[in-house]
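Me: I would like a close look at one part of this model, followed by how that part sits in the whole. Please keep it plain.

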Amino acid sequence: MTALCAKFYHKKGRMYIKEEFSMQEQLNSPVLYLICGAIILFVAAICVIFLFRAWRAGLAIGMEPGRLRRAVTSSAAFTVLPSVGILLGVIALSGSLGTPWPWLRLSVIGALHYETQVAQAAAEQVGIGGLSAQGMTPRAFATIALLMSGCIMWGMVLSLFFNRRYTEKLGTKEENAKKGKKGFADTAMTAMFIGLISCYLGSYIGGAATGSGIVPLAVCAASAAAMALFTALSKHRRLSWLESFSVAGSMLIGMLAAVVLA
Amino acid sequence: MDEKQRTEYLEQYTDKTHRIGRFASLATLVLLLGAPFLIGAVFGAMPDLPAAGRAFLSVGIVWTVSSVAEFLVYTPMLGSGGGYLAFITGNLINLKIPCAMNARDIAGTRTGTAENEIVSTLSIAASSLVTIVVLALGVLLLAPLQPVLRSETLAPAFANVVPALFGAMGYQYYRRNLRLALVPLLMMSLLFLFVPSLASQTSILILPAGAVTIGLGYLGFRRST
């Protein structure tokens with residue numbers, strides 16, 4: 001507590017960080033951890049509320065508990081490895097922005113590919129040349145933080161105003177689904193996702209053909225082969241539990257292939 | 001629960017989901033935009049608004065367009081509850097969308113049904129909580145974990161999380177929809193082959209690739225109905 005208090009002083013009723021502390025020390029100060037941690041905790045609470053409400057609603061409309069459990073466990077298993085990748089993003093950004101702010105950004109709303117690009121552009125505009133610990137000033141940091149929050153908030157803003165109208169307008173009528181009529185919405189969602197996957201696979205195929213590197217394509221192939229194996233195994237009654245972990249397991253094998261090939 | 005009760009219950013559930021979702025989105029928005037000013041107050045240096053405006057014009061416009069497209073494309077995939085949560089917690093393309101699609105496949109639900117809405121919400125909520133926990137543990141154990149996470153041996157593994165993800169998901173989707181998948185895969189491969197510089201714009205090219213595939217899907221759907 002003494003160490004914590006020693007880092008701050010009060011002036012006109014407001015608390016400031018002592019200037020003799022380096023910028024990195026300020027960016028990793030307990031106050032920043034407190035601010036960022038509180039926001040993350042708030043978002044975690046929202047997730048818990050949505051999770052419990054959906055679980056209760058599922059049971060109320062007669063969904064089997066096992067089906068709900070599989071949705072949760074498969075999603076949790078699915079998320080672990082990509083989350084470690086996101087943690088690497090926190091570490092990469094912590095060198096210039098400290099740890100608490102990238103921790104907040106990548107836990108809430110942020111996206112790995114977005115943060116660095118926007119932070120870099122903001123750093124250039126505030127006149128510190130680029131993202132680096134050496135040139136960082138309190139004003140530059142506050143500006144970068146504002147821009148990182150401001151540029152990517154539109155999905156949330158649109159959700160706030162239009163989610164209800166949009167989902168009500170686009171949703172397939174539940175009566176159709178219950179009668180067994182397959183609406184186009186189902187095909188459209190599958191098609192959109194195939195388009196998304198094709199875009200990434202196409203970039204790996206193109207990259208391999210133009211000499212940019214064969215590793216991403218080989219990782220894809222290894223992961224797909226592992227998925228084929230998991231799918232075949234999980235068809236056996238005694239191994240059906242494997243289905244929830246098949247994507248995570250396949251990803252792990254794909255990532256191991258990258259280590260072997262590199 | 002009979003049919004009438006089920007309909008009434010679902011109407012109430014959806015209504016409350018929108019109310020909680022709107023409140024959560026608004027509160028998160030205020031907290032995220034307010035945090036830089038709060039930090040600025042602690043540092044004794046407020047954000048440079050003209051510089052933030054210039055930077056917004058240089059990169060923010062692209063991300064604004066991208067955010068609008070993401071909302072239009074991904075909300076129907078995620079449903080209402082999942083949509084609110086996914087736009088609050090982020091990492092859509094590289095995590096939340098594939099995660100929700102995987103959960104949908106495992107639970108065997110169909111787009112537009114109440115079951116799909118529930119599974120999608122469960123999936124995004126569980127995924128978001130796991131990310132929050134992993135990042136919190138990672139930050140807590142940052143010092144002891146650094147040698148592992150920054151190890152040169154493991155660096156290629158962490159650099160290839162996305163190819164590993166789309167390899168596994170690709171197998172699942174291509175296996176079941178091979179005819180639909182061939183054209184977009186060929187089209188995108190040729191595009192990246194002839195214009196390699198587009199590799200840095202992959203996330204933007206998802207939209208035309210998705211539009212072409214939906215168009216092909218529609219033709220197939222019309223033929224089969």
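Reply: Take His18(B) as the part to look at. Leaving aside neighbours within four places in sequence, His18(B) is in contact with Asn163(A), Arg164(A) and Thr167(A), and also with Ser80(B) and Tyr84(B). The model is a predicted one, and the contacts described here are computed from it. His18(B) lies in helix 1 of chain B, which covers residues 3-43. Is His18(B) buried or exposed? His18(B) counts as buried, because its relative accessibility is 1% and the cut-off for buried is under 20%.

A second residue, this time in chain A, can be read in the same way. Gly206(A) belongs to helix 10 of chain A, residues 184-209. Gly206(A) has a relative accessible area of 1% and is therefore buried. Which residues does Gly206(A) touch, not counting residues up to four places away in sequence? They are Ser189(B), Phe192(B) and Leu193(B). Along its own chain, Gly206(A) is eleven residues from Leu217(A), and the C-alpha atoms of the two are separated by 9.4 Å.

Next comes the nonpolar core. The largest nonpolar core has 144 residues. Those with the most contacts inside this core are Met136(A), Phe141(A), Ile144(A) and Tyr74(B). Phe141(A) touches Met136(A), and its other contacts in chain A are Met23(A), Leu27(A), Leu32(A), Leu97(A) and Trp101(A). From chain B, Phe141(A) touches Ile39(B) and Phe43(B). Residues up to four places away in sequence are not counted in this list.

Two of the residues that Phe141(A) touches, Leu32(A) and Trp101(A), also appear in a helix pair of chain A. The pair is helix 3, residues 30-60, and helix 5, residues 100-107; their axes come within 9 Å and cross at roughly 10°. Helix 3 of chain A is therefore roughly parallel to helix 5 of chain A, since angles under 35 degrees count as roughly parallel. Helix 3 contributes Leu32(A), Tyr33(A), Cys36(A), Gly37(A), Ile39(A) and Ile40(A) to the contact. Helix 5 contributes Pro100(A), Trp101(A), Trp103(A), Leu104(A) and Ser107(A). By class, this contact has nine nonpolar residues, two polar ones and no charged ones.

The two chains can now be set out in turn. Chain A comes to twelve helices and two strands, and its order along the sequence is α-β-β-α-α-α-α-α-α-α-α-α-α-α. Chain A has 262 residues, of which 56% count as buried. Among its contacts between residues at least 6 apart in sequence, 53% join residues at least 24 apart. Chain A exposes about 11300 Å², and carbon and sulfur atoms supply 64% of that area.

Chain B, which holds His18(B) in its helix 1, has nine helices and zero strands. Its pattern along the sequence is α-α-α-α-α-α-α-α-α. The C-alpha trace of chain B spans about 65 × 55 × 40 Å along its principal axes. Chain B has 225 residues, and 56% of them count as buried. Of the contacts in chain B with a separation of 6 or more, 58% are between residues 24 or more positions apart. The exposed area of chain B is about 9500 Å², with 68% of it supplied by carbon and sulfur atoms.

To return to the starting point, His18(B) is buried at 1% relative accessibility, and its contacts include Asn163(A) from chain A and Tyr84(B) from chain B.

How values were computed. Residues are numbered from 1 along each chain as its sequence is written. Chains are lettered from A and ligands numbered from 1 in the order in which they are written. This is a predicted model: local features need pLDDT of at least 70, side-chain atom pairs count only at pLDDT 80 or more; totals for chains, interfaces and linings use all residues. Side-chain values use heavy atoms; hydrogens and water are left out. Axes are lines fitted to C-alpha atoms, for helices over the stretch in contact, and angles run from 0 to 180 degrees between N-to-C directions. Helices (H or I, at least four residues) and strands (E, at least two) are DSSP runs, numbered from the N terminus. Angles under 35 degrees count as roughly parallel, over 145 as roughly antiparallel, 65 to 115 as roughly perpendicular and the rest as oblique. Contact means heavy atoms within 4.5 Å. Ala, Val, Leu, Ile, Met, Phe, Trp, Tyr, Cys and Pro count as nonpolar, Asp, Glu, Lys and Arg as charged, and the others, Gly among them, as polar. Buried means under 20% relative accessible area, exposed over 50%, partly exposed in between (1.4 Å probe, protein chains only). Accessible areas come from the Shrake-Rupley method with a 1.4 Å probe; for residues, only the protein chains shown count as cover. A nonpolar core is a set of buried Ala, Val, Leu, Ile, Met, Phe, Trp, Tyr and Cys residues joined through side-chain atoms within 4.5 Å.
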